[in-house]
Amino acid sequence: RHEQISILGLGAMGSALASSLLAAGREVTVWNRTSGKAGDLVARGAREASSVEEAIGAGGLTVTCLLDDASVREALGPAIRKLAGGMLVNLTSGSVRQARELAGWLEGYGVRFLAGGIMAVPPTVGSEGAFILYSGARDVFDRVAPVLGPVGRPHWVGEDPGFAALYDMAALSGMYGMSAGADHAVALVQSEGGDLETFKREVLQPWMEQMLAITVAGANVSESVPDEYNPAMQATGLENILSASAEAGVPADLAGHLHASLWRMQRAITVG
Ligand code: NDP
């Protein structure tokens, strides 16, 4: 019976997960290392367990959402035998290797395991755009997906338990690149006394929206050059950004990186 869900970890994210599951009518047991974080959830029908063993003992699916891989090992360690024959979903962020090793460790104790990556922030958990990456055995995913569906659209990315972390991290890197680009854009406008709110609303947002799909489709590491793309023209255009940044005293690391990569592409074409 997997409708009962035990959430280990009531930080910002664990609490949001528990809240969305309660809202969907799931039976939820919660545990947190430091007590005193379950009040609101208990008032809405959650059961509070005073130990990890007790939370696992509630039966059903166990979900970890803790700080990092070490905290997952530390929390589960003393109670690991109790998980034998059960299912655990880890929604704690970590590296690809940590996910693979965690899978091996848990499987050694007879635990069916699914690794996850949450593509949401606490306020968007359970909202339409939220989705959760999962990797691990397909049959475990098929059982978990309907149970955890309310927290975000379940999306399986393969048998390798490291792949949820891989895609999660890579997607976050794309997001941080966008953030760094937007921060840089705003710093440039600010350096000349431009109106930031107007720039953001009337220029940056519509421009980034227009370019988003093209940027994602055009992303490549091999640096092979698409037909419609002239790297020398792009690199020369970037030089305006670099010199404006230098004049304003605004660091332009991302633009500099792209500039170097465009000239590498151009050299590859010229050399043949
Ligand atoms: P918080 O810092 O709010 O919470 C951390 C949680 O981990 C707390 O419940 C804390 O317990 C617990 N914890 C830390 N160390 C240990 C330990 N050694 N043993 C047991 N419990 C421990 O983090 P979030 O809830 O925001 O994030 C949790 C996970 O979700 C992270 O891996 C994060 O990367 C991921 N995530 C978070 C997102 C976000 O926007 N917040 C987005 C996507 C993923 P205590 O209260 O006792 O300190």
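Over residues 4-153 the chain is 37% helix and 23% strand, with 19 Å between the end C-alpha atoms. Helices here are DSSP runs of H or I with at least four residues, strands are runs of E with at least two, and both are numbered from the N terminus. That stretch, 4-153, is where UniProt, in an unreviewed entry, places the feature "domain: 6-phosphogluconate dehydrogenase NADP-binding". UniProt positions follow the numbering used here, feature names are shortened, and annotations may be inferred rather than shown by experiment.

A word on the model before going on. It is predicted: local features need pLDDT of at least 70, side-chain atom pairs count only at pLDDT 80 or more, and totals for chains, interfaces and linings use all residues. Residues are numbered from 1 along each chain as its sequence is written.

**Domains**

The domain assignment gives domain 1 (4-159) and domain 2 (167-271); such bounds come from an automatic or database assignment. Taken over C-alpha atoms, the centres of domain 1 and domain 2 are separated by 37 Å.

**Around the ligand**

Which residues come nearest to the ligand? Of the 21 residues around it, they are Gly-11, Arg-33, Thr-34, Ser-71 and Ser-93. Helix H1 (12-23) and helix H4 (69-76) are the elements that give two or more residues to this shell. A residue counts as near if its C-beta atom, placed from the backbone, lies within 6 Å of the molecule. By class, the shell has ten nonpolar, eight polar and three charged residues. Here Ala, Val, Leu, Ile, Met, Phe, Trp, Tyr, Cys and Pro count as nonpolar, Asp, Glu, Lys and Arg as charged, and the others, Gly among them, as polar.

**Two helices**

Helix H5 (residues 96-108) has 13 residues and reaches 19 Å from its first C-alpha to its last, close to the 18 Å expected at 1.5 Å a residue. The expected span is 1.5 Å times one less than the number of residues. Buried in H5 are Gln-98, Ala-99, Leu-102, Ala-103 and Leu-106. Seen down the axis, the buried residues of H5 fall within an arc of 135°, so they line one face of the helix; the arc is that of the directions from the helix axis to the C-beta atoms. An α-helix has 3.6 residues a turn, so residues three or four places apart point the same way. On the face of H5 turned away from the buried side sit the exposed residues Arg-97, Gly-104 and Gly-108.

Helix H9 (residues 231-248) has 18 residues that should span 26 Å at 1.5 Å a residue, and its end C-alpha atoms are indeed 26 Å apart. After H9 comes Gly-249, whose phi is positive, near 70°.

**Four residues and their surroundings**

A residue is buried if 20 or more other C-beta atoms, placed from the backbone, lie within 10 Å of its own, exposed if 12 or fewer, and partly exposed in between.

| Residue | C-beta neighbours within 10 Å | Class |
|---|---|---|
| Ser-50 | 9 | exposed |
| Ala-182 | 14 | partly exposed |
| Met-265 | 20 | buried |
| Val-151 | 29 | buried |

Ser-50 is found in the loop between strand E3 (47-48) and helix H3 (52-57). Its C-alpha is separated by 8.1 Å from that of Asn-32, 18 residues away along the chain. Val-151 belongs to the loop between helix H6 (138-148) and strand E8 (153-156). Between Val-151 and Ala-38, 113 residues apart along the chain, the C-alpha separation is 18 Å.

Ala-182 lies in helix H7 (residues 163-191). Ala-182 and Lys-200 are 18 residues apart in sequence and 8.9 Å apart in space, C-alpha to C-alpha. Met-265 is in helix H10 (residues 253-271), and its C-alpha is 24 Å from that of Pro-251, 14 residues apart along the chain.
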